[in-house]
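Dear colleague,

I am passing on the structure we spoke about, and I would be glad if you could look through it alongside the notes below.

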Amino acid sequence: MNTPIFGNSALLSSLENMIASGRTANSVLFFGVKGSGRKTIARYYAKALLCYNPLPDGKPCNSCKSCRNFDDNVHPDFILPPKSGKLGGFSVDTAKLVCSDAIISPNNGDRKVYFFPDCHNMDVRTQNTLLKIIEEPPAFTFFIFTSLSKNDFLPTIISRCACFGVCECSENLCRDALTAKNLPQNDIDSAVSCFHGNIGRCLDYIFNPDIRLRVDLTKALTNSIINHDEYALAVNLFKLGKERYDVKDALSLLDSLLRDAAVILSSQQNSRSIPLIGCFPSGSASLASFLSARQIICIHLAVNKCWAAIEANSNISLTLSALSSDIAAICG
Ligand SMILES: [Zn+2]
């Protein structure tokens, strides 16, 4: 994995300085939106932590046995605890096993790293179990977490972690990253027009037909709002499917368009240009011309209420029906 990391240069420098100076925190959290590169940067940091001969500037050497094992995904001291359950979280039993394993010396070098990716569903009991070892870890044991937000963790865990925000990069850097993967220019253009500087989401868009379908549905939903077509709105919401993650993702995409519509309205009043983040800029422009700021905010609140209900395990069909009625009432 010696391909360059695009964007987040200040964060990478901070991590390399930590390695070079030997002031490495035993517990680190990388938080940021999906696709921003949290896991890529977490793995880079783990590789540097485990490297037998890091370079003077803190970068991993890429040639020692540890780096080679890491790149081949066979490093015995880079440990990914298993996920389980419907939400794919880390169980209390897994946390207990980690606590007992973490005090055992590393297999090869003088460090071991436990990597907990995507912790936004981590149970409070699991966190409290891990807290014991995070509070007083052996010097050789390191924990790396990734999540959407610091708020996904208990304050007691956060107070023990060095926390780093991971940002999306510029559209130009994102294009460079996709070009470095030898992807067709047409695909790069389409992906960046939807997901801007979010490299992970652009790659998802190019390689995962489900994501493209979700983007198309989000555009169709937007058009049905613009056209005041209550029937099409209900049909398109129904097409989002029955998978909680897919529906929540589509609602997030729709919410980004509402955010962009609000930004467009605000820019018109303030003559300020703020970058758009949504996957359908022309749709957001239409929303801004057909709806008032108040209507946009009300739809945003309705979408968020629906998202929260689905997150809380409510019936998806009923919740989406309620959203359809809410939007129709707001636009009516
Ligand atoms: Zn190395």
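What follows is a description of the sheet, the helices that lie across it, the metal site and one further helix.

Please keep in mind throughout that this is a predicted model.

To begin with the sheet, five strands form an open arrangement in the order β2-β3-β4-β1-β5, and their pairing is parallel. The strands β2 (78–79) and β5 (162–165) stand at the edges with a single partner strand each, so that one side of each is left without a neighbour in the sheet. Within the sheet, strand β1 (residues 27–31) and strand β4 (residues 141–147) run parallel and are joined by five bridges; in this pairing, V28 stands opposite I144 in β4.

Two helices can be described by how they lie on these strands. Helix α1, which covers residues 9–21, lies across β1 and β5 and runs at about 155° to β5. Helix α2, which covers residues 38–50, lies across β1, β2, β3 (112–116) and β4, and its direction is at about 170° to that of β4.

Turning to the metal, the zinc ion is coordinated through the SG atoms of C51, C61, C64 and C67, at 2.3 Å. The angles among the four donor atoms run from 103 to 120°, and the site is tetrahedral. Along the sequence, the donor residues follow the spacing C-x9-C-x2-C-x2-C. As for the surroundings of two of these donors, C61 has a relative accessible area of 16% and is therefore buried, as the cut-off for that term is under 20%, while C64, at 8% relative accessibility, likewise counts as buried.

The remaining notes concern helix α7 (residues 171–180), whose buried residues are C174, A177 and L178. Seen down the axis of α7, these buried residues fall within an arc of 95°, so they line one face of the helix. That face has its partners in α8 (185–195) and α9 (199–207), against which the buried residues of α7 pack. On the other side of α7, by contrast, N172 and A180 are exposed. Just after the helix, N182 takes a positive phi of about 55°.

If you open the model with these notes at hand, the zinc site with its four cysteine donors and the buried face of α7 are the two places where I would welcome a second reading.

With best regards

Key
Residues numbered from 1 in each chain as written. Predicted model: local features only at pLDDT ≥ 70, side-chain atom pairs only at ≥ 80, totals over all residues. Heavy atoms only, no water. Donors = N, O, S within 2.8 Å, 3.2 Å for Na, K, Ca; no water. Tetrahedral: all angles 85-135°; square planar, octahedral: opposite > 155°, others 65-115°. Buried < 20%, exposed > 50% of the residue type's maximum accessible area, 1.4 Å probe, protein only. Helix = DSSP H or I, 4+ residues; strand = E, 2+ residues; numbered from the N terminus. Arc of directions from axis to C-beta. Contact = heavy atoms within 4.5 Å. Pairing = 2+ DSSP bridges. Axes fitted to C-alpha atoms, helices over the stretch in contact; angles between N-to-C directions.
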